[in-house]
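Hello,

I am handing over the structure we talked about, so that you can look through it at your own pace. My notes come after it, and I hope they help you find your way around.

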Amino acid sequence: MPKMQWRYGKPCLAIAVIREDEDKMSNDLMRFSVAMPEDLLVKFDHLVARRGLAKNRSEVVRDLVRDALVEDECSMPGRIVMGTLTIVYSHHANDLQEKLHQIQHNYLETIVASMHVHVDEENCLEVIVLKGETGLVQDIANLIIGTKGVKTGRLHMTTTGAYI
């Protein structure tokens, strides 16, 4: 049954979908429409095409919504997230490996695993997997990236899946 609500100081209609069991979320597909400028739609269709034959507009929209939900979850303080920190450094830098190992040993509960790769005669790449509260994961990544001798680093956080 439609009812009147106020948004942005203006009345609007809100239509509620009533379920017999409101505690259960259905995985049934729901249809909705999206209006957008034609040039944006053309660019979106190019994105759909680049994603491959198994993808269509609906699949790509679902992917984008999931990505937005993961990003939102990872930005919430206190959430438990997974992170991968990728760093590149010179293995000739003074005591750098020892410093990196010490940081990782200081956070054994958060650092789940690491993988070390020899890129060339000078450089190493390390991927460190972290699991913990968003702020702690970010702080540990910043500590490692900020260690003298680390050339570059990037943290990618994702959800554990608990709230998606």
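Below is what turned up, taken region by region. Please keep in mind while reading that this is a predicted model.

**The two helices H1 and H2**

A good place to begin is with helix H1, residues 38-50, and helix H2, residues 57-75. Their axes come within 10 Å and cross at roughly 90°. Angles of 65 to 115 degrees count as roughly perpendicular, and H1 and H2 are therefore roughly perpendicular to each other. On the H1 side, the contact is made by Leu41, Phe44, Asp45, Leu47 and Val48; H2 brings Arg57, Val60, Val61 and Leu64. Sorted by class, this contact of H1 with H2 has seven nonpolar residues and two charged ones, with no polar residue.

**The sheet**

Next, have a look at the open sheet, where four strands follow the order E4-E5-E3-E6 with antiparallel pairing. E4 and strand E6 (150-159) stand at the edges with a single partner strand each, so one side of each has no neighbour in the sheet. On average, neighbouring strands here are turned by 15° against each other, direction ignored.

Two of the pairings are worth tracing on screen:

- Strand E4 (residues 111-118) pairs with strand E5 (residues 123-133) in the antiparallel sense, over seven bridges. The two form a hairpin, with four residues between them. To find the register, look for alanine 113, which stands opposite valine 129 in E5.
- Strand E3 (residues 80-90) also pairs with E5 in the antiparallel sense, here over eleven bridges. In this pair, methionine 82 stands opposite lysine 131 of E5.

**Helix H3 and the loop after it**

Helix H3, residues 96-106, lies across E3, E4, E5 and E6. Relative to E3, H3 runs at about 170°.

Between H3 and E4 there is a loop, and threonine 110 lies in it. Is threonine 110 buried or exposed? Buried means under 20% relative accessible area, and threonine 110 has 5%, so this residue counts as buried. Leaving aside residues up to four places away in sequence, threonine 110 touches Val129, Leu130, Lys131, Leu136, Val137 and Ile140. Two residues in that list have already come up: valine 129 as the one opposite alanine 113, and lysine 131 as the one opposite methionine 82.

Enjoy exploring, and do write back with any questions.

Best wishes

Terms used:
Residues are numbered from 1 along each chain as its sequence is written. This is a predicted model: local features need pLDDT of at least 70, side-chain atom pairs count only at pLDDT 80 or more; totals for chains, interfaces and linings use all residues. Side-chain values use heavy atoms; hydrogens and water are left out. Axes are lines fitted to C-alpha atoms, for helices over the stretch in contact, and angles run from 0 to 180 degrees between N-to-C directions. Angles under 35 degrees count as roughly parallel, over 145 as roughly antiparallel, 65 to 115 as roughly perpendicular and the rest as oblique. Contact means heavy atoms within 4.5 Å. Ala, Val, Leu, Ile, Met, Phe, Trp, Tyr, Cys and Pro count as nonpolar, Asp, Glu, Lys and Arg as charged, and the others, Gly among them, as polar. Two strands pair if DSSP finds at least two bridges between them. Buried means under 20% relative accessible area, exposed over 50%, partly exposed in between (1.4 Å probe, protein chains only).
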